[in-house]
Amino acid sequence: MNSNQVRAIKTFQVNPTLPPAIQELRKLAFNLWWGWHQDAVGLFRRLDRNLWETSGHNPVLMLGSIEQEKLERASGDEGFIAHLDRVSQDLERYLSESSWFVRNHFESDVPVIAYFSAEFGLTECLKSYSGGLGILAGDHLKSASDLGVPLVGVGLLYQQGYFQQYLNNDGWQQEFYPENDFYNLPMTRIMSDDSKPLTISIDFPGRKVLAYIWKVQVGKVDLFLLDTNVPSNSTEDRGITNQLYGGDIEIRIMQEIVLGIGGMCALDAVGVQPVVCHMNEGHSAFLALERMRRWIQIDKLSSFEAITLSRQSTVFTTHTPVPAGIDEFPEQLMRKYFKSYYPQLNMTWDEFFSLGKMAGSGSTSRPFNMAYLALKLSSYINGVSVLHGEVSRNMWQNAWKSVPIDEIPIESVTNGVHTNSWISAEMASLFDRYLGPNWKRNSADQNLWKRITEMPDEELWRAHERRKERLVGFTRRKLQEQIRRRGGLGWELKVAQEALNSEALTIGFARRFATYKRGTLLFKDLDRLTKILNDPDRPVQLIFAGKAHPKDNEGKELIKEIVHVARREDLRNHIVFLENYEIALARYLVQGVDIWLNTPRRPMEASGTSGMKVVFNGGINLSVLDGWWDEAYNPDVGWAIGQGEEYSDLRYQDWVEANALYDVLEKEIVPLFFDRGRDDLPRGWIAKMKNSMSQLCPVFNTNRMVRDYTESFYIPAFRQSQILQVDEKKELKQLSLWQSKLAEAWKDVRILEVSSQAPEKTEVGSQLEVDVYVHLGNLLASDVLVEMYIGLLGYREAITDAHTVPLEFTGEEQQGVFKFHGSATFTKSGRYGFSVRVIPFHRSLVKHFELGIVTWADSI
C-alpha cells in the first residue's frame, strides 16, 4: 500500500435508489439467468446502452452508477415497465416450472451434488476463469439449472482473476491484473445470524486461515466462492485467492487446500450436505480427504471404510491429456501442510502419502500427484471426449496393471456447450420460428434439430451475413482501441477502419496459445497462404485471438509472429489479431465466422468446445481429428485436416498437415463458399451448414452432457451411497471388511488348470467348451468372477476385439480348488485365441476393475 494512501476505518455499501416500479431490476441483476436470456440482456441495455457496454455487461455495476434521473424516467416509461414485467415473469416461470430431473428421477428426498472447480466462466463481468475448463464449468452449472439437477458449485473468488492481455509495439504479450470489485458484481457475501460476514476457518501450519463465502445465483443453482481476503488474515494469506493460476507451487497448494478442504467446510457452514461430489479436474481432490476426515472423526468410520465411501460417492473428470499437466507437490511441502491433518485420517504418513502415488511407484521421494489422489478416491472417472477417454486409459494404465486398456474403468462424457449462452439473437429467432420454442429447453432432442432442413436457405444465410457484418464492425473498433492504447499512428487507425471485408470467407482461430495448438500452422508456406488470401475474386481473411500463459514464452512468440505477419502491406487487410480473448469477444467470433480452425497435435486436445459454439451459429469446423472433432466429423458436416495420424517427427508433421490444410482450403472450402447462383446464395455451403447444425447440435451441448453425468454418475453414486449407509452402514462395513481381507487373500489365488476341447480348425457356429480349476485359498466362489477372454488374434498373438464369457461355478470344490465351466460360440471366421482370468467380485463394487486386481492364466 502506498504510504500516502489512507485506509478506511469503516466500510459501507451504497446501493442505488430504485423507484418502486422497477424494484425487480435488482432481483434480475443478481441472478445470472439474465446472461443466457437475450430479452433480459435487452432490458438492461435499454436502460442505458452506453453504460451497459462501459460496465462490462455488469447489471449490478450499471445500476450502481446510472444517473438517478434515468431510473426515474424508466419507472414512468410504460414500454420499459411492460418489458420488465415480461422478463420478471419469465424468470419466475423458469424458477418454478417442473424440471427434467424431477419428472424423470426424484420428486422428493432429492440428493445434492457438489461440483468443485478451480474456475468458472459464467459471464464476462465475473472474471473467475482462464479458458476452456472454466467456460465448461460455467456451462455445466447453467445446464444443471435448466434441467433442475440439484447441484451446487464450489470454487474460489479471485481478487484479480486471470490476467488481462495487451500487446506492445513489437507484438509481445503483456499482462496486467485489474482488481475485481466484489461489491459491484452480481454476487452476495453470505452473512451470519449476527449480520456479520460468515467466515470459515481452515487449518494451515501454525495458524488458521479465514475465508469469506460469496454466493452467485446461476438460475436455480447456487455457486459458492471462497475469498481469503479477510482483514484478520496475514498479508500472505489474504493473497491466497489473489490470482487464478498465479504464484508458485506453494501458492498452488494453499489454493487447492482452500478449494477442496475449505470448500467442504463452506458447504457445511451454509447448511448444504452433498451426497455426491464431482471434481472438475484434480485441483479440488483434497475435498475427498476432508470427507474422509469427517466420516472418521464424526461417524467413527475406519480409514478403510472412509476410503470406500469416498470412492463410491465421488466423480472425477480429468481434462488433461499429458501427465505434465497434473499438479504435483513435493513430500516436504506436503509434510508442511498436512503434518497435523493426516493423523485425523487414522493413517501413518506413508499410508497417507501413498494416496497420491501410483501403486508400486517407489519411495515417498516421488511427489504427491493430485490426479492419482482423485483416481484412488473416485469410482466414477471420465475423460471429456471419446478419444480423450482412450488417451486417459493409456496415460493411467499403471494404476490398473494387468487390466486390458479398453477395460480400465475410465469412461468418457464428451463435453458440450450451453446453447442459449452462445447463440446469436438472429439465429435464436430463426430457431424459434422453425424449430419451435422447445429447442431452448430440450437441446438434446435429435428429432427437433432435423427441422433445420425446413429453414429457408435465404433466411439462414441472411442471418449469418448480419452476424458477420457485426463481427467485422466489432473487429474494426477493437483494432482501433488497440492502436490508440499503444500510441499508434494515424495511418494505422485508417487501416484499422478498413480492415476485413464482410463478403470475404472469414476464418477464426481463437484459443489458448500453447505450442501444441500450433497457432501459426497456417504460416508454414506464407507465399501459398498469401495467394489464398489475396485472390480478388475469392478473398479470404483470418481473425486470431488468444492468450499465452504468462510464463510461456514459446506461446508468446507465436502471437508475435502472427502480429508481424499481419503488418505486411499485402496482408494487413486480411489478417488481424484481437487482444484479450474473453467471453464477450468469443461471442462475436463464434457467431460471425464462416470457418472455425483448430490445429492441435493429436491427441493433445482433450476435447475443445469453441468449435461447438460455432456450430449453433451456422459456422463450419475445419480441424485436426482430435478431441470432440474426432467423434463429430464426417464429410457432410465439415472438414478434417489429415486422417487422425500421429507422428514422432513433429517438424515433418507440421509440413504434412500445413499442406493438407492449404489443399482443403484451395480445392474444397474456398470454391464451395464462392459457388453462387443467380440469387448470390452459396447453396452448397448452406447445405453443409444445415448438415452440421442438424447432426451436431443435439449432441454437443451441455444439456446432453449434464444428463449423461446425472444418469451415468450422479444417480448411481447417490444410490450406491444410500445402499452403503442404510442399517447403520452395514453394507459399507461388510464391503470394507471384504476389501481389507482381499489384498492378503488374493496372494493365494491361482489358475491351476484350463481344459478345452478346441481343435486347430473349426467352423462358424461351433462352440468352445472350457473347464477351469482355480485355487482360491480362503476365498469363496462367490468372491470372484471367472471369465474367458476371447477374440481374434492380432500382432504377436495378442487378442484383439475381445469379449468376455462368464464361467459358472459347477459346485465342485476340493481343498480350496474350485471348478468353473463355460462355453463361447464362434460368430465369425478368423484366427482366434483366448485366455482366462479371475477378478474379485462384490455386489457393491461399482466397476469390476475398481480395485485394479486380476489374475490371468499363464498357459493351458
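## Charges over rings

In this predicted model, Arg189 places its charged end over the ring of Tyr212, at 4.5 Å from the ring centre. A similar arrangement brings together Lys547 and Phe163: the charged end of Lys547 sits over the Phe163 ring, 5.0 Å from its centre.

## Aromatic pairs

Let's turn to rings that meet other rings. Searching the whole structure gives 50 aromatic pairs. Take Trp349 and Phe352 as one of them: their ring centres are 5.4 Å apart and their planes meet at 50°, so this pair counts as tilted, since that class takes angles that are neither under 30 degrees nor over 60.

Both residues belong to helix H14 (residues 349-353), where they are three residues apart, about one turn of the helix. Trp349 is buried, with a relative accessible area of 6%, and Phe352 is buried too, at 0%. The two also take part in a cluster linked by ring pairs, together with Phe286, Phe329, Phe338, Tyr341, Tyr342, Phe353 and Phe368.

## Where two helices cross

A handy reminder before the next pair: two packed helices are described by the angle between their axes and the distance between the axes. For helix H20 (residues 457-485) and helix H28 (residues 683-696), the axes come within 10 Å and cross at roughly 85°. H20 is therefore roughly perpendicular to H28.

On the H20 side, the contact is made by Asp457, Glu458, Leu460, Trp461 and His464. H28 contributes Arg683, Trp685, Ile686, Met689, Lys690 and Met693. Sorted by class, the contact of H20 with H28 holds six nonpolar, one polar and four charged residues.

Conventions
Residues numbered from 1 in each chain as written. Predicted model: local features only at pLDDT ≥ 70, side-chain atom pairs only at ≥ 80, totals over all residues. Heavy atoms only, no water. Phe/Tyr/Trp six-rings, centres within 6.5 Å; stacked < 30°, edge-to-face > 60°. Helix = DSSP H or I, 4+ residues; strand = E, 2+ residues; numbered from the N terminus. Buried < 20%, exposed > 50% of the residue type's maximum accessible area, 1.4 Å probe, protein only. Lys NZ or Arg CZ within 6 Å of the ring centre and 35° of its normal. Axes fitted to C-alpha atoms, helices over the stretch in contact; angles between N-to-C directions. Parallel < 35°, antiparallel > 145°, perpendicular 65-115°, else oblique. Contact = heavy atoms within 4.5 Å. Nonpolar A, V, L, I, M, F, W, Y, C, P; charged D, E, K, R; others polar.
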